[in-house]
Structure formats: C-alpha cells, structure tokens
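Here are some exercises to work through with the model open beside you. Try each task before reading its solution.

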Amino acid sequence: MKIEFYLHQIWLAIICALMLASLILPIGQLINAEGASATLTNFRVNFIEGDSSGALWALGVFLIIILAVGLFELLLSGFRNFILQKRLLVFMMLMTVGYYIVMAVYILLMKGDARFVPALWIAFPFVSLVLEFMTIRGVSGAEAAILARANGFRLRD
C-alpha cells in the first residue's frame, strides 16, 4: 500500500495554523477622542479600565468551526474522498467570508465616535481564504490526475 502525499495537505495544515493563531491574537483596537481604548479579540472586548465584555463570542465560534472543519479535512485528505473535500472547502470559504461580515457588523455597531485600528493578525483569515481556494484547485487537480491514471489503461482487441 502506497501512501501518497499532496501539496494541498500542506496548505490545509497552514490554514489550521492560521486559524489557531487567529483565535489567540487580537483583531484590533477602538480608540476614542479622549484616548480611552478597547482591545478587540475574537471572544471579548477588553477595556483599558480593566473591564471586559464577551460581546464578540460569535467571531470565535466562526474560527473554531473553520479550524474544526480544516482539521477534519486534513484527516480526510488521505482517503481520496474528493467530492466531500471540495464541499467542505466551499463551506470553509463561506464561513471565512461570514467571519469578515460579522466582524464588520460588530465593528460598525461598536464604533460610535471612536476609530478602529486593525491589528496585523486580522489578515490571517483572509490569507486562509486564499489558501482555501488554492486547496480546492489542488484537490481538483489530484482528482483529475487519479482519474487520468485510472482511465489511461486500455485493453486492445
């Protein structure tokens, strides 16, 4: 039994690492004119006074779902179930876009007269979105290569 290794498995591992890092790192700060600030994470809003609010828990749930599906996809990639892999990747892409939509709504609702200063880590889900698209292309290519190999053998009369 020969175990094959595909390039899209590396991209899936990078997606999982980016989602794990996104769970931990802050996404930005809200700073008002008086100088008071609040740090936004994917689960909480931490105010400079020491208070915190769990208002952003939905962002963390999005990232946990994307991470769980990514880990399942990584485990599934060894079994050559290409149709399910592509469906899960489309689901991951929709969840990533949904993450940014929900984040934009939260920031617009919380902003008021303050200004939002994004952190560098806010781009990690976008990078994983690009990698998810590349992974779909990789899965489709691997499926086409396997089908071409299987259909390449013909018996002649």
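**Exercise 1.** Find which residues methionine 103 touches, not counting residues up to four places away in sequence, and decide whether methionine 103 is buried or exposed.

*Solution.* Keep in mind that you are looking at a predicted model.
- Step 1: place the residue; methionine 103 is part of helix α3.
- Step 2: list its partners. With residues up to four places away in sequence left out, methionine 103 touches Ile27, Leu59 and Ile122.
- Step 3: check the distance to alanine 58, which is 45 residues away along the chain; the two C-alpha atoms are 8.9 Å apart.
- Step 4: turn to accessibility. Buried means under 20% relative accessible area; methionine 103 has 5% relative accessibility, so it counts as buried.

**Exercise 2.** Now take leucine 94 and decide whether it is buried or exposed.

*Solution.*
- Step 1: leucine 94 also has its place in helix α3.
- Step 2: the cut-off for exposed is over 50%. Leucine 94 has 58% relative accessibility and therefore counts as exposed.
- Step 3: for a sense of position, compare it with isoleucine 146. The pair is separated by 52 residues in sequence and, C-alpha to C-alpha, by 28 Å in space.

**Exercise 3.** Check the length of helix α3 against the expected span, then find what its buried residues pack against.

*Solution.*
- Step 1: α3 covers residues 82–111, which is 30 residues; at 1.5 Å a residue these should span 44 Å.
- Step 2: the end C-alpha atoms of α3 are 43 Å apart, so the model agrees with the expectation.
- Step 3: pick out the buried residues of α3, among them Phe82, Leu88, Met92, Tyr99, Met103 and Ile107.
- Step 4: these buried residues of α3 pack against α1, β2 (37–40), α2, β5 (115–118) and α4 (124–151).
- Step 5: look just past the helix, where glycine 112 follows α3 with a positive phi near 60°.

**Exercise 4.** Do the same for helix α1: test its length and say what covers its buried residues.

*Solution.*
- Step 1: the 18 residues of α1 should span 26 Å at 1.5 Å a residue, and the end C-alpha atoms are 27 Å apart, which agrees.
- Step 2: the buried residues of α1 include His8, Trp11, Leu12, Cys16, Met19 and Leu23.
- Step 3: the cover over the buried residues of α1 includes α2, α3 and α4.

**Exercise 5.** Describe how α1 packs with α2 and with α4.

*Solution.* Two packed helices are described by the angle between their axes and the distance between the axes.
- Step 1: α1 (residues 7–24) and α2 (residues 57–76) pack at about 155°, with axes 9 Å apart. Angles over 145 degrees count as roughly antiparallel, so α1 and α2 are roughly antiparallel to each other.
- Step 2: α1 passes α2 in a left-handed crossing. The contact includes Leu12, Cys16 and Leu20 of α1 and Leu63, Leu67 and Leu74 of α2. Its residues divide into twelve nonpolar, four polar and one charged.
- Step 3: for α1 and α4 the angle is about 160° and the axes are 9 Å apart. That makes α1 roughly antiparallel to α4.
- Step 4: the crossing of α1 and α4 is left-handed. Among the residues that meet are Trp11, Ile15 and Leu18 in α1 and Phe124, Leu131 and Val139 in α4. This contact divides into 14 nonpolar, five polar and one charged residue.

Notes:
Residues numbered from 1 in each chain as written. Predicted model: local features only at pLDDT ≥ 70, side-chain atom pairs only at ≥ 80, totals over all residues. Heavy atoms only, no water. Axes fitted to C-alpha atoms, helices over the stretch in contact; angles between N-to-C directions. Helix = DSSP H or I, 4+ residues; strand = E, 2+ residues; numbered from the N terminus. Parallel < 35°, antiparallel > 145°, perpendicular 65-115°, else oblique. Left-handed = near helix turned anticlockwise from the far one by under 90°. Contact = heavy atoms within 4.5 Å. Nonpolar A, V, L, I, M, F, W, Y, C, P; charged D, E, K, R; others polar. Expected span 1.5 Å × (residues − 1). Buried < 20%, exposed > 50% of the residue type's maximum accessible area, 1.4 Å probe, protein only.
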